[in-house]
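Let us walk through the interface of one pair of chains. The sequence and model come next.

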There are 4 protein chains.
Amino acid sequence: MAKMVVSLSVVPLGTGSPSVSKYVARVTEIIKSSGLKYKTGAGFTDIEMDSYQQLADLLGKIEEALIGMGVQRISITIKIDRRLDKELHIEEKIAKAEGL
Amino acid sequence: MAKMVVSLSVVPLGTGSPSVSKYVARVTEIIKSSGLKYKTGAGFTDIEMDSYQQLADLLGKIEEALIGMGVQRISITIKIDRRLDKELHIEEKIAKAEGL
Amino acid sequence: MAKMVVSLSVVPLGTGSPSVSKYVARVTEIIKSSGLKYKTGAGFTDIEMDSYQQLADLLGKIEEALIGMGVQRISITIKIDRRLDKELHIEEKIAKAEGL
Amino acid sequence: MAKMVVSLSVVPLGTGSPSVSKYVARVTEIIKSSGLKYKTGAGFTDIEMDSYQQLADLLGKIEEALIGMGVQRISITIKIDRRLDKELHIEEKIAKAEGL
């Protein structure tokens, strides 16, 4: 059951290069291993979740991994679409946005 | 101890009026009663937190209150500044942003 | 040439229903007719742009359309990834985020 | 006349240090010299604007200044609250959010 679609962007600050791919790829791995349904975009990864607890747990694992990569500052941007009257699914939201 | 500054915006969708003040004011009350240090802005409320768990707990309470007000859809936007090398405080961040 | 990838979310506030699909679909139509390269996500639409002027022009057209649909309040969330050392492309960013 | 309140966050990526104060302070200077009414927060600076053109012009000046400081990648996060039925002002929004 997916009560909310969470759009998540995580970038490290202060690394020595403008390229942050290896960090972003690591974040995607962690999202993947969480078993949550997700879809990668250019700016955000959309993730289907049932609770804010799932979000907190995921952010904890992401932070731990980035600390392991030597990151000292993290900028996280999140947009949550939460419907109380029905479930929300990534593909359904995309189809509607495309007017299908 | 404040490991992160969370900038939080919560707005209801589909409420039938362009004014959302009563909902936003209720959200601020809940942030206030959480005991966390916060500062209200026009677009976001900045909150000092120690963990993602605190964020999950706060979002749960906010959702509960908005459900009680008959809200059926919530759009939440969050930016988290997390430093691993030192504490972060709202007033210190504002002073630095103003070049003081 | 794409200097930046803009992730854009536009939602109306105060409409009478929690469903905002018809508004979001209209926004996507306008993005499509702009000729800019884009990809729809669940939370954001990613768009390749060359200038902030293109962003301003697009937002103006979107606002005009939503006014035509009777919308009285709009919440726009934007994340811009701007690289000064090389071009940015949606598909390349997605491939890198997926570790490819 | 302020048709919209824009909440703006600009951070450089890849600068080699987790501290980004000097860049953020420079951005605030540019906002100040624009003459637009603004208020600095911990995560965002709220700015009263009349048009998306003002936003595009401001972003252009900010980018130019950061290029001058050697920045190679910029992450910009923006939330725009646009009301079509009345003006929006920073202090009024804050007062309402605090239930005053």
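Contact here means heavy atoms within 4.5 Å. By that rule, chain A brings 13 residues to chain D, and chain D brings 13 residues in return. This is a predicted model: local features need pLDDT of at least 70, side-chain atom pairs count only at pLDDT 80 or more, and totals for chains, interfaces and linings use all residues. Residues are numbered from 1 along each chain as its sequence is written, chains are lettered from A and ligands numbered from 1 in the order in which they are written, and side-chain values use heavy atoms, with hydrogens and water left out.

Turn to the area. About 970 Å² is buried between chain A and chain D, with 61% of it from carbon and sulfur atoms. Buried area is the accessible area (1.4 Å probe) that two parts lose on being put together, summed over both. On the chain A side, A:Leu13, A:Gly14 and A:Pro18 lose the most, together 47% of what that side buries.

Next, the symmetry. A turn of 180° and a shift of 0.0 Å along the axis lay chain A on chain D with an RMSD of 0.1 Å (least squares on the C-alpha atoms of residues with pLDDT of at least 70 in both). The two copies are therefore related as by a two-fold rotation axis. In chain A, A:Gly16 has the C-alpha nearest the axis, 2.2 Å from it. Of the interface residues of chain A, 100% are also interface residues in chain D, so the copies meet through the same surface.
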